[in-house]
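User: I would like a close look at one part of this protein, set against the rest of the fold. Please keep the answer connected.

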Amino acid sequence: MTSNPKSKIQNPKLLWLHKNLFSTWYNSLLTVVCLVLLFWVARGIVTWATTQAQWAIIQVNLRLFLVGRFPQTLYWRPWIVLAIAAILGAITGGVFFSKQQLTRRGIAVFAFIVGVLLIILPLDLIYRLQLLLIAVLIFAGFGVGRNFAEVLTPWLSLLWLLSFPVILWLIGGGFGLQSVPTNLWNGLLLTLLMAAVSIVLSFPIGVLLALGRTSNLPVVRWFSILYIEIIRGVPFIGILFLAQVMLPLFLPADVRLDRVLRGIAGLVLFSAAYMAENVRGGLQSIPRGQIEAAKALGLNTAFVVLLIVLPQALRAVIPAIVGQFIGLFKDTSLLSLLGLVELTGIARSILAQPEFLGRYAEVYLFIGFIYWIFCYSMSLASRRLEKQLSQ
């Protein structure tokens, strides 16, 4: 009688390794080969990053990556914008995740990230102090959100809406501030601005198109169907070209849309069609009996949609909606093909510097890391929100 080797393994981690990686001789051989391959690739990457890569291109041009040609004398305005967004984001996180404790590990990770940024970023002393102050305000905002969750929850949307014109005023100027033309809005600043505006505008338009496609009115339904199917059948670069070149032809001669506005228009038109299909999938998941029960209680169609159908439908398609937001954020990189100097466009300008010719790997790894940070943050927030709503 032979004993089972698994029964001799008491450690759960060792048991998992034996079950998944070393269960048979060919699985063991495949595991060893994969580990050797991973070690070889990792050693090559580390060797290149530490001995061959010229990371000076990132350090020298960091301000171009972040704010482009924004006037250096007005850098205090992007700092204030960053502080406003960070505080509101921290308060929002504190409100939605008020039941989750801010663990020591989370504090340590956040403090480590802030410390690394203070060390590696080529900033003056005043800017380092401002970054440290913003980190402190983020902690304070998270604590405020946790402590006053019930009070702040109804006002969060209003706070974000009120902050939006303030942010645009700080970036663009006017009304007492020095004006900054949009051709100086470059780098990550322009990418985040265009992505945020496009997300805010495309979401309600997509919801309306989804409701229109499920409407009983033939004119509304067919208009929504035609718009969605036509936009989804055209490449995104074609939509951007139409927005940049053809859109001004449909406007009066004395009306001249800014290039940034035309880029946002292309992003909104394209994203709204896909958003409508995501929301329509959620609408179709609602049982018909709920709608009939609501109407039997005396609710009209508008209240049925706003109070019963839409909340459940949007909750069901949160992953798809956030996936669309992530795609929209990454699609802003295509605007560099049309002359807008966003993050990818400023990278191409930096690569044209004579002392950094051919350093594509360092530059594109850096901007890819920036895109990954924001996309992963949105994905993480959506998972947390989905988990919170499911409870």
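Is Cys34 buried, partly exposed or exposed? Please then go on to the helix packing.

Analyst: The model is predicted. Cys34 has a relative accessible area of 37%, and because that value lies between the 20% and 50% cut-offs, Cys34 is partly exposed. Cys375 has a relative accessible area of 11%, which is under 20%, so Cys375 counts as buried. The structure holds 0 disulfides.

The setting is helical: the protein has 18 helices and 0 strands. Of its 391 residues, buried ones make up 36%. Among contacts with a separation of 6 or more, 74% join residues 24 or more positions apart.

Two helix pairs can now be taken in turn. A pair of packed helices is described by the angle between the axes and the distance between them.

Helix α18 spans residues 360-390, and helix α17, residues 343-351, packs against it. Their axes lie 10 Å apart at an angle of about 165°. Because this angle is over 145 degrees, α17 is roughly antiparallel to α18. The crossing of α17 past α18 is right-handed. On the α17 side, the contact is made by Leu343, Thr344, Ala347, Arg348 and Leu351. These meet Tyr360, Val363, Tyr364, Ile367, Ile370 and Tyr371 of α18. By class, the residues of this contact comprise 9 nonpolar, 1 polar and 1 charged. Thr344 in α17 is the polar one and Arg348 in α17 the charged one.

The second pair is formed by helix α13, residues 259-284, and helix α16, residues 318-331. Here the axes come within 10 Å and cross at roughly 165°. That angle is again over 145 degrees, so α13 runs roughly antiparallel to α16. α13 passes α16 in a right-handed crossing. From α13, the residues in contact are Leu267, Phe270, Ser271, Tyr274, Met275, Asn278 and Val279. Their partners in α16 are Ala320, Ile321, Gln324, Phe325, Leu328 and Asp331. This contact divides into 9 nonpolar, 3 polar and 1 charged residues. The polar residues are Ser271 and Asn278 in α13 and Gln324 in α16, while Asp331 in α16 is the charged one.

To return to the starting point, Cys34 is partly exposed, whereas Cys375 is buried.

Note on methods: Residues numbered from 1 in each chain as written. Predicted model: local features only at pLDDT ≥ 70, side-chain atom pairs only at ≥ 80, totals over all residues. Heavy atoms only, no water. Disulfide = S-S within 2.5 Å. Buried < 20%, exposed > 50% of the residue type's maximum accessible area, 1.4 Å probe, protein only. Axes fitted to C-alpha atoms, helices over the stretch in contact; angles between N-to-C directions. Helix = DSSP H or I, 4+ residues; strand = E, 2+ residues; numbered from the N terminus. Parallel < 35°, antiparallel > 145°, perpendicular 65-115°, else oblique. Left-handed = near helix turned anticlockwise from the far one by under 90°. Contact = heavy atoms within 4.5 Å.
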